[in-house]
Amino acid sequence: MRVEHWDKKSHITKELQKFRTLDINFSIDLDNDELFFIYNEEKLCGYATINLKKNAKLKKIFIIPKYRNNGYGTFLLKYIINWITKEKCDSLTVTNHKKMNNFLEKQKFLRTEDGYILDKLLEIQKQEKNMVFVAKVAIIINIILAFLKIFSGKIFNSMSLLADGLNSFSDLITNVLVIVGLKVGSNPEDKEHPFGHGKIESVFSVIIGTFIMLSAVHLIRENVEKIFSKNGEGENVKLNSILITISIISILIKVFQLIFMKNKTKSYRGALINSLLQDYKNDIIISISVLIGLLCSEINPVFDTLIGLFVAIYILKSGYELIRDNSLILMDSQDEGLLSKIRDEILEFEEIENAHDFKMTTSGKDIHIFLDARMKKDKTIEEAHEIINTISKKIKYQHPNIKSLFVHIEPMYEGD
């Protein structure tokens, strides 16, 4: 499945005849319209036209009947949305939407007096760019911090600073993950990946969590060996002004990083950003603890090792939580609290007699829910369809992370 944009300069008008063969009602304004066509391998299976004269307007989207209800229309529409966003269009409108209501609403278009609109596209793009920019800045910062702390920890024999350096290195990998997750996870759904590509973030998270835990275990062993080596007479930390300066600079950089990220992401606070903000706060606490450990090492050198052990254990815990949380996502662990809440909200509709067998799967930030619902058997297919559409819209409005609601309707017979 692939989409191509018709290049007016390199194509001849005669080629448009193949679209008239595909759809007898095909028409295009060569001066103002843009044409997109979708292929299944090498076979043309649909097209779409948009008008950019004033604002982006979807004039028509057409898929050959035998390819309908297989994700081709969704794939084509998402490609167009990405394309017009790059062209600095903030919205996409649809006025001639005969038989497209359900399709457009699934793509989060909002109903208007004239049809449908999908707006704030540039704001969403800006948010994603801000997140990527913040992650790139964080990568540079953590490369510098990790190098300074690990190098200084080795030179001056400071186990606490060495552990803090490992923490900065794990933050570096986490920020790389953020960029990869944004790039890969934002790819549209396709036939092979009907729920999108969001789980790739969890796969990377489990791998990184494993790496963090292995590194933390190695650091814990080194700290324990230092405490018990030669009856506590191991090599002591070489405290000097350079070590203290590095620790203070580290704290100031982390405070700046936290403030910078808060300001850059204030218009968007998703789960990923909130977790990163919390991670930065924890980093500040760790760096302050390291500084205290270094200063206390003048009283007794064991303080630096104990702080190093504390930081290593904290990193081990963070790696474990990263693996645990993302493994649950990959195994489609069920959020019973959320499903119970959804069930109660669905039962508020008097047309639904019962709802059961709730299941969910998570892909990135998107949640997909499946359930069976019993409805009175006197409802027509069209009436049942409209009821489910109404329920789906309300649920998705109340829970923005719910991408789709798949409902299997069962008849309710007397005596049930």
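Helices (H or I, at least four residues) and strands (E, at least two) are DSSP runs, numbered from the N terminus. With that in hand, a walk through the structure can begin. The model is predicted, with local features needing pLDDT of at least 70 and side-chain atom pairs counting only at pLDDT 80 or more, while totals for chains, interfaces and linings use all residues. Residues are numbered from 1 along each chain as its sequence is written, and side-chain values use heavy atoms, with hydrogens and water left out.

The protein chain contains eleven helices and ten strands. Of its 416 residues, 46% count as buried; here buried means under 20% relative accessible area, exposed means over 50%, and partly exposed is in between (1.4 Å probe, protein chains only). About 22,900 Å² of the protein chain is exposed, and carbon and sulfur atoms supply 58% of that area. Such accessible areas come from the Shrake-Rupley method with a 1.4 Å probe, and for residues only the protein chains shown count as cover. A contact means heavy atoms within 4.5 Å. Among the contacts in the protein chain with a separation of 6 or more, 65% are between residues 24 or more positions apart.

One sheet deserves a closer look. Three strands form an open sheet in the order 8-9-10, and their pairing is mixed. Its edge strands, each pairing on one side only, are strand 8 (352-363) and strand 10 (402-412). Two strands pair if DSSP finds at least two bridges between them. On average, neighbouring strands of this sheet are turned by 15° against each other, direction ignored. Axes are lines fitted to C-alpha atoms, for helices over the stretch in contact, and angles run from 0 to 180 degrees between N-to-C directions.

Strand 9 (residues 366-376) and strand 10 run parallel and are joined by ten bridges. One residue to find in the picture is Phe370, whose bridge partner in strand 10 is Phe406. Helix 11 (residues 381-398) packs on the sheet, where it touches strand 8, strand 9 and strand 10, and its direction makes about 145° with that of strand 10.

The next topic is salt bridges. A salt bridge is a side-chain nitrogen of Lys or Arg within 4 Å of a carboxyl oxygen of Asp or Glu, and the structure holds five of them. One of these joins the side chains of Asp33 and Lys59, at 2.7 Å from N to O. This pair links distant parts of the chain, 26 residues apart, with Asp33 in strand 2 (residues 33-40) and Lys59 in strand 4 (residues 56-63). Asp33 counts as buried because its relative accessibility is 0%, whereas Lys59 is partly exposed, with a relative accessible area of 31%.

The sheet takes part as well. Arg374 forms a salt bridge with Glu410, and their closest N and O atoms are 3.3 Å apart. Arg374 lies in strand 9 and Glu410 in strand 10, so this salt bridge ties together parts that are 36 residues apart in sequence. Arg374 is partly exposed, with a relative accessible area of 26%, while Glu410, at 18% relative accessibility, counts as buried.

Helix 11 also supplies a partner. Glu348 and Lys394 form a salt bridge in which the closest N and O atoms are 3.6 Å apart. Here too distant parts of the chain are linked: Glu348 is in the loop between helix 10 and strand 8, and Lys394 is in helix 11, 46 residues apart. Glu348 is exposed because its relative accessible area is 57%, and Lys394, at 31% relative accessibility, is partly exposed.

Two aspartates have backbone angles worth a look. Most residues other than glycine have a negative phi. Asp357, however, has a phi near 55°, a positive value in a residue other than glycine. Asp357 lies in strand 8 and is partly exposed, with a relative accessible area of 45%. Phi of Asp332 is likewise positive, near 55°. Asp332 lies in the loop between helix 9 (302-330) and helix 10 (336-346), and its relative accessibility of 30% makes it partly exposed.

Finally, the surface carries a nonpolar patch of about 580 Å², made by Ile140, Ile144, Phe147, Leu148, Phe151 and Ile155. Patches are made of residues with over 30% relative accessible area and no salt bridge; like charges are joined within 9 Å, and nonpolar side chains (Val, Leu, Ile, Met, Phe, Trp, Tyr) within 5 Å. Phe147 lies in helix 4 (residues 121-155) and counts as exposed because its relative accessibility is 55%.
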